[in-house]
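Biologist: I'd like to go through the labels on this one and hear what backs each of them up. Can we start with the charged pairs?

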Amino acid sequence: MPIKEKSKPAKRDRVTIRTVAAHAGVSVAAVSKVMRDAYGVSENLRAKVTGSIEELGYRPSRTARGLRGRTFTIGLLLIDIRNPFLPEVIDGVNGVLAPSHYQAMIGVSEARTQLETSLIESMIDYKMDGLILVAPRLPSEIIAKFATQIPIVAVGYHDPKAETFDTVNADDQQGAEIAVEALLECGYRDIEMLSLGAREGHKVSVVHQREIGYRRAMQRAGLGSSAPIFHIPVNSPKREQAMRSFLARSDRPRAIFCWSDLDAITLLSTASEMGVRIPEDLAMIGYDNSATAALSLVNLASIDQSGRELGEAATRALLSRIEGRSEPEHLLLMPSLVSRKSLTPAGRP
């Protein structure tokens with residue numbers, strides 16, 4: 001008996017999920033299960049369907065998916081694209097999504113309520129299945145309202161009491177304590193923190209948490225009364241001017257803990273311009289362990305909060321939310337110190 005060939009659509013025909021089902025010799029429901037990576041799909045069925053999808057060049061309509069319930073897209077909202085820490089987070093998100101049928105669509109905003117809100121609303125309008133917000137500045141109650149419409153996970157946002165959305169953070173208080181303890185172990189006691197001035201969303205921000213950890217570690221060392229925090233403006237060029245003023249101070253501390261590599265690297269560069277030697281005149285620890293910090297000309301000691309792990313954990317939490325989990329999760333990852341030249345012990349060349 002001659003083998004019946006699988007039917008192929010005419011070149012001008014639009015390939016649909018029904019076309020794929022007919023070509024693979026399975027039901028439409030079976031094709032849908034494979035595309036959703038549903039539990040219980042056999043390898044034989046998966047091979048049949050994926051083979052037909054590749055042979056036919058099938059690309060599912062995201063609009064149609066949205067009308068049926070899912071688009072298999074998630075929104076990734078970034079607030080400050082300048083931060084060298086963000087590529088690690090994005091890599092973590094994409095790493096988890098790679099074997100799935102989901103794709104991340106990135107949106108870039110600014111730390112302004114109206115812009116953040118508008119971008120989130122647009123992502124909801126585009127029928128995205130969930131959102132990962134990286135260091136949002138919105139009040140918790142606003143995020144909570146959005147979370148009743150779409151699953152949300154916030155990264156770099158410390159609100160352990162949130163009920164309708166999840167949070168994924170490094171333990172920023174612990175990270176700051178690790179930095180202070182490392183400076184103390186190297187023989188430094190005249191230690192200051194370089195931080196950002198208070199702004200919208202400050203209470204739930206990583207900046208606030210790192211300030212708490214810094215003060216606690218200094219107090220534990222008996223230096224609580226001399227634990228100053230030098231706040232710099234949020235916006236340029238006042239930000240850079242404030243750094244120059246700090247470096248020019250006659251009472252400049254012997255060591256500095258910077259809230260982020262973003263400003264630590266700028267401070268290090270400005271110090272070089274002004275003839276302030278690192279670490280001979282000023283020992284320094286940053287935060288994030290960005291790729292730039294590891295460059296030999298920078299050589300900045302930094303707290304590693306593993307941006308990739310944060311991105312991975314946030315994505316797994318979001319997919320779990322999308323699948324129906326309603327109980328809130330608030331994950332804390334443990335940071336660690338990566339020691340480099342800027343942390344050379346006091347008195348050592």
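Modeller: Sure. A salt bridge here is a side-chain nitrogen of Lys or Arg within 4 Å of a carboxyl oxygen of Asp or Glu. Keep in mind that this is a predicted model. By that rule the count comes to 14 salt bridges.

Biologist: What makes Arg 210 and Asp 172 a salt bridge?

Modeller: Their closest N and O atoms are 2.8 Å apart, and the cut-off is 4 Å, so the pair qualifies. Arg 210 sits in helix α9 (residues 206–220) and Asp 172 in helix α8, so the pair ties together parts 38 residues apart in sequence.

Biologist: Why is Arg 210 called buried?

Modeller: Buried means under 20% relative accessible area, and Arg 210 has 2%, so the label fits. Asp 172 has 1%, so that residue counts as buried too.

Biologist: How do you know that Asp 263 and Arg 239 form a salt bridge?

Modeller: The closest N and O atoms of Asp 263 and Arg 239 are 2.8 Å apart, which is within the 4 Å limit. This pair links distant parts of the chain: Asp 263 is in helix α11 (residues 261–274) and Arg 239 in helix α10 (residues 238–248), 24 residues apart. Asp 263 is at 3% relative accessibility, hence buried, and Arg 239 is buried at 4%.

Biologist: And why is Glu 329 called partly exposed, while its partner Arg 325 is called buried?

Modeller: Partly exposed runs between 20% and 50%, and Glu 329 has 29%, so it lands there. Arg 325 has 15%, which is under 20%, so Arg 325 is buried. The closest N and O atoms of Arg 325 and Glu 329 are 3.7 Å apart, still within 4 Å. Both belong to a network of salt bridges that also links Asp 166 and Arg 321.

Biologist: On to the nonpolar side. Which residues have the most contacts inside the largest core?

Modeller: Tyr 214, Leu 267, Met 284 and Ile 285, in a core of 49 residues. Helix α8 (residues 172–185) gives the largest share, six residues. A second, separate core of 25 residues includes Phe 72, Leu 97, Tyr 102 and Ile 322.

Biologist: What makes Val 108 eligible for a surface patch?

Modeller: A patch residue needs over 30% relative accessible area, and Val 108 has 48%, so Val 108 clears that bar. Val 108 is in strand β2 (residues 103–108). Together with Ile 81 and Ile 106, Val 108 makes a nonpolar patch of about 280 Å².

Notes: Residues numbered from 1 in each chain as written. Predicted model: local features only at pLDDT ≥ 70, side-chain atom pairs only at ≥ 80, totals over all residues. Heavy atoms only, no water. Core = buried A, V, L, I, M, F, W, Y, C linked by side-chain atoms within 4.5 Å. Buried < 20%, exposed > 50% of the residue type's maximum accessible area, 1.4 Å probe, protein only. Helix = DSSP H or I, 4+ residues; strand = E, 2+ residues; numbered from the N terminus. Patch = residues over 30% accessible without salt bridge, like charges linked within 9 Å, V, L, I, M, F, W, Y side chains within 5 Å. Areas by Shrake-Rupley, 256 points an atom, 1.4 Å probe, with all protein chains shown as cover.
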